[in-house]
Amino acid sequence: LTDFHMAGHIGLPFFRSVVEQANQLDGDLVAITGDILDKAACLRWLDVLGELRSKHGTHFVLGNHDYRVCPPDELREMLSAMGLVNVGGMHRVVEHNGQTVLLVGNELPWHREPPKVEHLPKHPYDPSILSIALCHTPDELDWACRMGFDLTLAGHLHGGQIRLPLIGPVLSPSRYGVRFCGGTYYRSPTVLHVSRGLSGMMPLRFNCPPELCKLVLRRPV
């Protein structure tokens, strides 16, 4: 889940529906990759995120919009009080079905830089570990590749919001342009998944519907 942009122009029932649909997907872990809140009037709406359910909890990083209402650390505290797990500039190790999963949060260039993964007890260089990076922007793909992450999750670009037939997205706030606007990509050794996100401060979309994504990871045969 990414880019909620809770600002009031899309009502709370929409976000309740998102949470209900996410819970119905019955994921083992929920990841939120930033741009959660835009207006102070929607602070009370954050409670709905506490209703997300999964075996290993809901992990989040912040995005570039997540400083507009309150200091980022205050937002982190509010979300943590609701049961969400902050991984911005931090890491967490999860054990799932005998597999060690390393989660690392990278909030650059706006907030916290990621930890020095080479100094962690578990790190992406270990081939026995599944390593996942949570980033707001896919512009951190170079970092994820250098660090050896297996999977990188991002949002920020909203799929381009306007996607023309045969042409695709026409504009994107990324140093890669529209190359990683939305979808699944591979740059060795990292699979990058960029969600189109759920909303935006400009709610106009064309041929680019909002999305929540369930990713199913399988061990190579």
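**Close-up views of two pockets and Ser 80**

**View A. Residue classes in the lining of the largest pocket.** Sorted by class, the lining of the largest pocket in this predicted model comprises 26 nonpolar, eleven polar and seven charged residues. These belong to a total of 44 lining residues, and those that lie nearest the centre of the pocket are Leu 130, Ile 132, Leu 151, Leu 215 and Leu 217. The volume of the largest pocket comes to about 1300 Å³.

**View B. Strands that contribute to the largest pocket.** At least two lining residues of the largest pocket come from each of strand S1 (30-33), strand S4 (91-96), strand S5 (99-106), strand S6 (130-135), strand S7 (151-154), strand S10 (183-187) and strand S11 (190-194).

**View C. The second largest pocket.** The second largest pocket encloses about 310 Å³ of space, and among the 18 residues that line this pocket, His 156, Leu 157, His 158, Gln 161 and Pro 173 are the closest to its centre. Its lining divides by class into eight nonpolar, nine polar and one charged residues.

**View D. Surroundings of Ser 80.** Ser 80 is located in helix H2, which spans residues 72-81, and this serine counts as partly exposed because its relative accessibility is 35%, a value that lies between the 20% limit for buried and the 50% limit for exposed residues. When neighbours within four places in sequence are set aside, Ser 80 is in contact with Phe 60 and Asn 86. Gly 50, which is 30 residues from Ser 80 in sequence, lies 9.0 Å from Ser 80 in space, C-alpha to C-alpha.

How values were computed:
Residues numbered from 1 in each chain as written. Predicted model: local features only at pLDDT ≥ 70, side-chain atom pairs only at ≥ 80, totals over all residues. Heavy atoms only, no water. 1 Å grid on protein atoms, 1.4 Å probe; cavity = no way out; pocket = protein on both sides within 12 Å on 5 of 7 lines; lining within 4 Å. Points joined across faces, edges and corners; volume = space filled by probe spheres on them. Helix = DSSP H or I, 4+ residues; strand = E, 2+ residues; numbered from the N terminus. Nonpolar A, V, L, I, M, F, W, Y, C, P; charged D, E, K, R; others polar. Buried < 20%, exposed > 50% of the residue type's maximum accessible area, 1.4 Å probe, protein only. Contact = heavy atoms within 4.5 Å.
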